Amino acid sequence: MKKISADLVVKSIQKVTGKGLHKLHEPLFFGKEKNYIKNTINKNFVSSSGEYVNKFEKKVKKYTKAKFAVAVVNGTQAIYISLKACDVKKNEEVLVPALTFVGTVNAISHLGAEPHFVDSQIENFGINCLKLEKYLDKIIKFKGNKSINKLTGKVIKAIIPVHVFGHPCNIQKIIKIGKKFNLVVVEDAAEALGSFYKKKHLGTFGDVGCISFNGNKIITTGGGGMVITNKKKLAKKIKHLTTTAKIKHKWEYIHDEIGYNFRMPNLNAALGLAQIEKIHIFLKAKRTLFKKYFNVFKNIKGISLYKEPKNARSNYWLQTLILNNNYVNLKNKILAKSHKKLILTRPVWRLINELKPYRKKQKMNLSGAKEIYNKIINLPSSQSLVLK
Ligand SMILES: Cc1ncc(COP(=O)(O)O)c(C=O)c1O
């Protein structure tokens, strides 16, 4: 085993990436993207209706085996509209990991609901269920079929498990906790297209699942998102709300509630359709990249490459290094040295409860999330590193 140093880590990354500029994640277009986009222009259908939106939804439905899929403008609005459709109201609390992208939590805030931060665990970067259940046992009192936070007097209405970097959290246990405490479960599967737990696609365990197709995701629509669900009523409500709540009529403009203009444009869906047609190639490339990094890091003491959890088939969207307890002081040195060499490694998100808008929100002990923040570094993970 070799002794770890920041220099050795950076050189090891370069063994996989080669020298020069390497971003964290870049999209790759080599399918029918240009063809499909040209079609939208030729047919004069570039906006929020058109054949590609329907085709893309169908494809995502088929791939994830969700019964329904509704394409929207981005992952954040997918979460927002899912919470709204699940009847999460102003001042109600939503349990959410402190370790997530800020969009997850902003979606709660835009609704006027209250984020309540819960802890994560290094084993899969997801919610620590053991700790969560004990915490909820302590703080919740039941009133009819409602769960009331004894500390705030507010209803705790929902939970958003996040599948971080495309790796499944303990979703089955979270569903159980959701049942016990009357919580709606909105899965943040923004990073998890192509990831499965016990052969079931992530995002299809809870009431609703939300996927992102931002430019940095495993497939992209430029900007975009998708709500997937097995619940017909919810799917109908989400489709209605996201398409300005317009009643079907050949020429009249009749809207029966205050809706949103959240429909994914045809232009973006065209890109998405061409991308999802290649998802098997992207997934294979991600696994190859994992193996390449694994081979260079397996002989360095004090650091390891994160491997998908048991019973999971992850998409390996981002490759992640984990420092052992003794070497957490190297994290910032590795980040600085790699950036100097144009290897754009990244830490995980700053914990959301530490961000200015969220410092005063409810939270449990967050030692697991802090441990993850202190120990991990994400590596350049573009498919192009394999599919050159
Ligand atoms: C975990 C997580 N949640 C939510 C989002 C929000 O998705 P979007 O950027 O499409 O709004 C993202 C990605 O950006 C994400 O990584």
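In this predicted model, V102 is partly exposed, because its relative accessible area of 25% falls between the cut-offs of under 20% for buried and over 50% for exposed. V102 belongs to helix 5, which covers residues 102–110. Although V102 and I352 are separated by 250 residues in sequence, their C-alpha atoms are 6.5 Å apart in space.

The ligand is the second topic of this report, and its place in the protein can be stated simply: the ligand sits in the largest pocket. The shell around the ligand holds 14 residues, and those that come nearest are T76, D188, E191, S212 and K217. When the residues of this shell are sorted by character, three are nonpolar, eight are polar and three are charged.

Three side chains make polar contacts with the ligand, and the table gives the atom of the ligand and the distance for each of them.

| Side chain | Ligand atom | Distance |
|---|---|---|
| E191 | oxygen | 2.5 Å |
| K217 | oxygen | 2.9 Å |
| T104 | nitrogen | 3.3 Å |

For E191, a polar atom of the side chain lies 2.5 Å from an oxygen atom of the ligand, while for K217 an N or O atom of the side chain is 2.9 Å from a ligand oxygen atom. In the case of T104, the partner on the ligand is a nitrogen atom, which is 3.3 Å from an N or O atom of the side chain. The ligand on its own has 380 Å² of accessible area, and the protein covers 93% of that area.

Definitions and conventions:
Residues numbered from 1 in each chain as written. Predicted model: local features only at pLDDT ≥ 70, side-chain atom pairs only at ≥ 80, totals over all residues. Heavy atoms only, no water. Near = heavy atom within 4 Å. Polar contact = N/O pair within 3.5 Å; in protein donor to acceptor, adjacent residues only side chain to side chain. Areas by Shrake-Rupley, 256 points an atom, 1.4 Å probe, with all protein chains shown as cover. 1 Å grid on protein atoms, 1.4 Å probe; cavity = no way out; pocket = protein on both sides within 12 Å on 5 of 7 lines; lining within 4 Å. Sits in = over half its atoms within 2 Å of the grid points. Nonpolar A, V, L, I, M, F, W, Y, C, P; charged D, E, K, R; others polar. Helix = DSSP H or I, 4+ residues; strand = E, 2+ residues; numbered from the N terminus. Buried < 20%, exposed > 50% of the residue type's maximum accessible area, 1.4 Å probe, protein only.
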